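Colleague: I would like to go through the labels on this model. Please give the reasoning behind each one.

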Amino acid sequence: MKRGADAWSGILGVIFAGATPIPIDSDQPAVLPDVLKDDAAIKFIVAEPNDTWARQFDATMVSVSEDFGDHDPVVQQCRADDLAYVIYTSGSTGNPKGVMVRHDSIANTLRWRSKAVMLTPNDRVLVLLSHQFDAAMAIVLSTLHQNATPVWPCQNDLELDALIDQIIRDRITILPAIPSLVRALASHPRFSDCTSIRQIWCGGESMPSDLPELVRTKLDCTMWNFYGPTEASVEVTAMEVGQCDPRRRIPIGHEIDGVQIHIVDDRLAPLPIGFTGQIVVSGRGLAEGYLNRPELTEQAFVWAEQI
């Protein structure tokens with residue numbers, strides 16, 4: 001489906017029905033139909049009736065706008081180890097792969113957010129990301145989990161004047177955005193009029209060390225820096241960004257609850273503080289593996305007794 005509220009009605013409906021959604025943005029699909037057909041046995045597709053991408057599958061089409069009559073919906077019970085959703089990676093290191101995330105894993109992230117990044121029923125969260133990105137999953141689910149209100153952009157091209165207008169008009173209080181977009185907004189002459197913003201959530205790119213100060217010259221708000229690979233339940237580390245030395249990089253933060261971060265060498269042996277290595281993630285925030293890719297799962301999701 002195209003990005004927007006209808007897509008999320010479909011995603012949540014699939015979860016409540018006890019099935020596993022694979023969110024795909026029909027405007028910019030992260031995976032080719034043939035690859036998805038090989039990976040998963042697709043039985044139902046939630047899409048608009050005229051969606052040509054969805055019609056390439058031999059599956060039952062369901063529309064979120066369809067009238068199913070007057071009946072009480074039934075929410076299916078699930079287990080903690082059931083799959084909550086599958087998100088396809090960008091494929092920057094090869095063909096796109098479907099990352100399987102369990103209910104207990106994403107629930108761990110939502111519990112942490114409810115304690116560390118608290119929202120209120122008065123908060124209005126602007127959802128700029130497409131639903132096929134894992135960060136969007138955390139944004140929308142944590143917004144609903146904490147009884148706040150998700151708001152979708154009026155247009156998809158993210159034109160700066162239109163975004164500023166919407167932030168002011170809709171009294172947006174939480175702005176999740178990649179740092180490059182935050183910089184573009186903060187450099188806009190009317191950004192200082194966006195006084196409703198109280199938190200900015202950044203991720204997806206390294207945060208430039210001068211960005212927090214640039215924002216704070218315009219607004220009195222809190223900034224967060226989130227980090228996490230697609231192979232996790234969104235973020236694995238985070239930090240509230242305070243005063244920054246522009247000569248030093250902004251860290252990716254500390255481990256969230258239930259997640260352990262290790263810096264290791266090529267043999268997965270732990271390295272002392274100050275040494276350069278690769279990041280290894282373990283704990284409740286780790287994904288289950290790649291959909292129908294056992295060999296790749298075995299390569300990326302490993303057992304390491306020394307960690």
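The exchange below takes up cysteines, a cavity and a pocket.

Modeller: Keep in mind that this is a predicted model.

Colleague: Why is C194 called buried?

Modeller: Its relative accessibility is 1%. Buried means under 20%. Therefore C194 counts as buried.

Colleague: And what makes C78 partly exposed?

Modeller: C78 has 42% relative accessibility. Partly exposed lies between under 20% and over 50%. So C78 counts as partly exposed.

Colleague: How do you know that C194 is too far from C221 for a bond?

Modeller: A disulfide needs cysteine sulfur atoms within 2.5 Å. The closest cysteine sulfur to that of C194 is in C221, 10 Å away, so the pair is too far apart for a bond. The structure as a whole holds 0 disulfides.

Colleague: How many cavities of 30 Å³ or more does the search find?

Modeller: The search of the whole structure finds 1. The largest cavity has a volume of about 40 Å³. Its lining includes P153, C154, L158 and Q166. By class, that lining has 5 nonpolar, 2 polar and 1 charged residues.

Colleague: What makes up the lining of the second largest pocket?

Modeller: That pocket holds about 1200 Å³ of space. It is lined by 43 residues, with G10, G13, V14, F44 and V46 nearest its centre. The classes are 31 nonpolar, 9 polar and 3 charged.

Colleague: Which element gives the most to that lining?

Modeller: α1 does, with 7 residues. β1 (44–46) and β3 (83–88) each supply at least two.

Key
Residues numbered from 1 in each chain as written. Predicted model: local features only at pLDDT ≥ 70, side-chain atom pairs only at ≥ 80, totals over all residues. Heavy atoms only, no water. 1 Å grid on protein atoms, 1.4 Å probe; cavity = no way out; pocket = protein on both sides within 12 Å on 5 of 7 lines; lining within 4 Å. Points joined across faces, edges and corners; volume = space filled by probe spheres on them. Nonpolar A, V, L, I, M, F, W, Y, C, P; charged D, E, K, R; others polar. Buried < 20%, exposed > 50% of the residue type's maximum accessible area, 1.4 Å probe, protein only. Helix = DSSP H or I, 4+ residues; strand = E, 2+ residues; numbered from the N terminus.
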